[in-house]
Amino acid sequence: MSAVRVRPARLEEAAILAEMANDLNDHVGIHGRPFTAERVRTDGFGAPAAFTPLVADLDGAVAGYAFFTLGYNTDIAARAMWLHDIFVKPAARGRGVGRALMAAVAAETLRLGGRSLEWGVHSANAGALEFYRRLGAAGGEARIMGLAGERLRALASGARSDSAAS
Ligand SMILES: CC(C)(COP(=O)(O)OP(=O)(O)OC[C@H]1O[C@@H](n2cnc3c(N)ncnc32)[C@H](O)[C@@H]1OP(=O)(O)O)[C@@H](O)C(=O)NCCC(=O)NCCS
């Protein structure tokens, strides 16, 4: 019988985390492979870290990961965990690794005083949608929007200096 174990990722696993995070981006059609080991070391293990990395071992080998950050949900006026990424290597899927990762993130959410666990999912990612439904998740029609690069700089350039965050 296979054994799944979820644990905090180790700094020396930055390269494998970067590879899996890039594979997840590719899976959802975001190409460019922006993650590097250095980026994971800085953003996942730096002080302060931008996200927490968990790893799942299956029969002693790394089989998947999750990245998450505690934030806030103003709909319920409470701390909420934001799941950035969850990924299981293709060969390890369907053996409970994803569920074990989600259970660990849920437990960490409650431990830190969070009242909800949230994430975004591409509407075309049918497998992930079914996976989340099996865990009991419900989703609305909210869309995640964003600004980056030149468009972000263009908007920021209109900020008045007396209204900028200090
Ligand atoms: C989605 C993903 C994390 C699921 O991981 P997994 O280890 O295969 O999932 P589990 O084996 O723990 O499955 C948990 C439950 O979800 C169901 N499930 C998982 N993947 C499924 C799929 N593609 N279609 C239908 N059901 C699925 C399982 O049957 C199981 O149901 P049960 O508990 O009722 O028996 C994995 O398929 C993956 O990494 N996908 C690519 C990356 C991705 O899309 N990530 C999500 C980005 S939003």
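**Exercise 1. Work out how the span of helix α3 (residues 97–111) in this predicted model compares with expectation, and find what packs over the helix.**

Step 1: Start with the length. Helix α3 has 15 residues, and its first and last C-alpha atoms are 21 Å apart. The expected span is 1.5 Å times one less than the number of residues, and for α3 that expectation is 21 Å, close to what the model shows.

Step 2: List the buried positions, taking 20 or more other C-beta atoms within 10 Å as the cut-off. In α3 these are Val97, Gly98, Ala100, Leu101, Met102, Ala104, Val105 and Thr109. To read such a list, recall that an α-helix has 3.6 residues a turn, so residues three or four places apart point the same way.

Step 3: Look for the cover. The elements over the buried residues of α3 include the strands β1, β2, β3, β4 and β5, along with helix α4 (126–134).

Step 4: Check the exit. Just after α3, Gly113 has a positive phi of about 85 degrees.

**Exercise 2. Lay out the sheet: what is the strand order, and which strands stand at the edges?**

Step 1: Trace the strands across. The order is β1-β2-β3-β4-β5 in an open sheet of 5 strands, and the pairing is mixed.

Step 2: Find the edges. β1 and β5 each have a single partner strand, so one side of each has no neighbour in the sheet.

Step 3: Add the twist. On average, neighbouring strands are turned by 30 degrees against each other, direction ignored.

Step 4: Take the pairs in turn. β2 and β3 are antiparallel over 7 bridges, with Ala56 bridged to Gly64 in β3. β3 and β4 are also antiparallel, over 10 bridges; here Phe68 is partnered by Leu83, and Leu70 stands opposite Met81.

Step 5: Inspect the turns. The β2–β3 hairpin has 2 residues between its strands, and Asp59 in the turn has a positive phi of about 50 degrees. The β3–β4 hairpin has 4 residues between its strands, with Ala77 at a positive phi of about 50 degrees.

**Exercise 3. Which residues touch the most other members of the largest nonpolar core, and which elements supply it?**

Step 1: Pick out the best-connected members. Of 32 core residues, these are Leu54, Ala56, Tyr65, Ala66, Val97, Leu101 and Val105.

Step 2: Assign the suppliers. β1, α1, β2, β3, β4 and α3 each give at least two residues to this core.

Step 3: Zoom in on Ala66. Setting aside residues up to four places away in sequence, Ala66 touches Leu54, Leu83, Asp85, Ile86, Leu101 and Val105.

Step 4: Place α1. Helix α1 (residues 14–27) lies across β2, β3 and β4, at about 90 degrees to β4.

Conventions: Residues are numbered from 1 along each chain as its sequence is written. This is a predicted model: local features need pLDDT of at least 70, side-chain atom pairs count only at pLDDT 80 or more; totals for chains, interfaces and linings use all residues. A residue is buried if 20 or more other C-beta atoms lie within 10 Å of its own, exposed if 12 or fewer, and partly exposed in between; C-beta atoms are placed from the backbone. Two residues are in contact if their C-beta atoms, placed from the backbone, lie within 7 Å. Two strands pair if DSSP finds at least two bridges between them. Axes are lines fitted to C-alpha atoms, for helices over the stretch in contact, and angles run from 0 to 180 degrees between N-to-C directions. A nonpolar core is a set of buried Ala, Val, Leu, Ile, Met, Phe, Trp, Tyr and Cys residues joined through C-beta atoms within 7 Å.
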